[in-house]
Amino acid sequence: MAKTVYMCFSTDLIHGGHISIIQKAAQLGELIIGVLTDEVVASYRRFPVLKYDERVKLFENIKGVSKVVPQDTLSYAKNLRWLKPDYVVHGDDWKTGFQKPIRDEVIEILKEYGGKLVEFPYSQKEEYERLESMQRHQLSMPDIRRGRLKELLSMKPLVNAIEAHNGITGLIAENTTVLQDGKTYQFDAMWVSSLCDSIARGKPDIELVDMSSRLRTVDEIMDVTTKPIIFDADTGGLTEHFVYNIRTLERMGVSAVIVEDKTGLKRNSLFGNEVAQTQDSIENFCAKLAAGKAALKTNDFFLIARIESLILEKGMDDALKRAFAYTNAGATGIMIHSRKKDPSEIFEFCKNFREKDTATPLVVVPTTFNSVSEEEFARRGVNIVIYANQLTRSGIPAMQKVAETILKNRRAKEADEMCMPIKEILTLIPEDY
Ligand code: SPV
Ligand code: MG
């Protein structure tokens, strides 16, 4: 019987390097290609420019490929136990680094039935790297980036976002990857928080940092990332200004704005009623939403209305009444906020909202009710979870500690172990021009 060979690909850009390893693999026997699904590619590498079905067609038509199957985790385990190929073929680049545990698992599974791993030298041509960098660049372009949130929401039940307030936090949001039990995890999107954008400038979160500065932050993040951006628009300001600002954000390639139903001097929601805060009337806020919606030019941008009724202790009925009024007025997403540790009021809102509206994306910011897992939020009908301030809240104490240590010792030696090595910081951001 003919031997069978298995290879797995995530690429959406087939070049000579791929063709040559495919040809070598095909010489070993009947070649089956596993194509990673879109969700897996997006969760460990970058969003695929070509979708799964397109990538399948590409591979099906390459000489030497006999069959194409989906691979729905980075781990090969499921497909290897199903297909039991005589050989698995891979480039030798995975012997070290992020994919090493995947390779180790492949070797273990092959041992179970006597299969063999065949590795060929990895072709790391500059030309191929340039092509990959071009694909990434494409993903950062406004028209392509903007619609990505909508695409992600159609691909998976729950999308997560982490706060970014400058280039480096943007890069952390973009690149942080975890491999756990054969699955890979990355953040889907970024949240440009008013709180963190203000704190980064040493200012309070009271709409003091003006829109030009906020847009500068967005631009700085966009310059070095490809993931979709959700912008915290605070109260949106005057409706007459909001209509201009929302359009600017849309043109820049932002995917969503969240605008909260407060008016006058806005204070951070996590203060609740400890400080004076005023909720807008339903009528006024609906007019602002309707004007914002009318100003938009594309249909892939989300206008998300944020309800502060639970924060301001106005009750569940008020929160729900507002939610339906806001979606009627043109909001294409709803964020419900709470500052309680106990998630019950959030769960109750989700249940009541979902009984009447199964489609509108629901957003939560679990800063206080942080014990709830993403899986549970998804089960309760939430679509977007935002980790709104954790990078800022972790960075500040780390820097304060180093500053104190230097002062105490009147030298930097003792602080060195708390710092990233110089060599690492110098190479953290590669020069790619
Ligand atoms: C922010 O991150 O600025 C927010 C969320 O608006 S919260 O701080 O909880 O109000
Ligand atoms: Mg805010």
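## Helix packing, a parallel sheet and two loop residues

Helix H11 and helix H12 (residues 239-252) pack at an angle of about 10°, and their axes are 11 Å apart. Angles under 35 degrees count as roughly parallel, and H11 and H12 are therefore roughly parallel to each other. On the H11 side, the contact is made by Met211, Leu215, Val218, Asp219 and Met222. H12 contributes Asn245, Thr248, Leu249 and Met252. Sorted by class, the residues in this contact of H11 with H12 are six nonpolar, two polar and one charged. The model described here is predicted.

The next element is a sheet. Five strands form this open sheet, with parallel pairing, in the order S3-S2-S1-S4-S5. Strand S3 (65-71) and strand S5 (116-120) stand at the edges; each has a single partner strand, so one side of each is left without a neighbour in the sheet. On average, neighbouring strands are turned by 30° against each other, direction ignored. Strand S2 (residues 30-36) pairs with S3 in the parallel sense over six bridges. Within S3, Lys67 is the bridge partner of Ile32.

Helices also pack on this sheet, among them H1 and H5, as set out below.

| Helix | Strands touched | Direction of the helix |
|---|---|---|
| H1 (residues 16-26) | S1 (4-9), S2, S3, S4 (87-91) and S5 | about 160° with that of S1 |
| H5 (residues 100-113) | S4 and S5 | about 140° with that of S5 |

Angles over 145 degrees count as roughly antiparallel, so the direction of H1, at about 160° to that of S1, falls in this class. The about 140° between H5 and S5 does not exceed that cut-off and counts as oblique.

Two loop residues remain to be described. Most residues other than glycine have a negative phi. Glu207 has a positive phi, near 60°. Glu207 is found in the loop between helix H10 (194-200) and helix H11 (211-224), the latter being the helix that packs with H12. Arg410 also has a positive phi, near 50°, and lies in the loop between helix H17 (390-409) and helix H18 (422-428).

Are these two residues buried or exposed? Glu207 has a relative accessible area of 29%; this is not under 20% and not over 50%, so Glu207 counts as partly exposed. Arg410 has a relative accessible area of 72%, which is over 50%, so Arg410 counts as exposed.

Key: Residues are numbered from 1 along each chain as its sequence is written. Chains are lettered from A and ligands numbered from 1 in the order in which they are written. This is a predicted model: local features need pLDDT of at least 70, side-chain atom pairs count only at pLDDT 80 or more; totals for chains, interfaces and linings use all residues. Side-chain values use heavy atoms; hydrogens and water are left out. Helices (H or I, at least four residues) and strands (E, at least two) are DSSP runs, numbered from the N terminus. Buried means under 20% relative accessible area, exposed over 50%, partly exposed in between (1.4 Å probe, protein chains only). Axes are lines fitted to C-alpha atoms, for helices over the stretch in contact, and angles run from 0 to 180 degrees between N-to-C directions. Angles under 35 degrees count as roughly parallel, over 145 as roughly antiparallel, 65 to 115 as roughly perpendicular and the rest as oblique. Contact means heavy atoms within 4.5 Å. Ala, Val, Leu, Ile, Met, Phe, Trp, Tyr, Cys and Pro count as nonpolar, Asp, Glu, Lys and Arg as charged, and the others, Gly among them, as polar. Two strands pair if DSSP finds at least two bridges between them.
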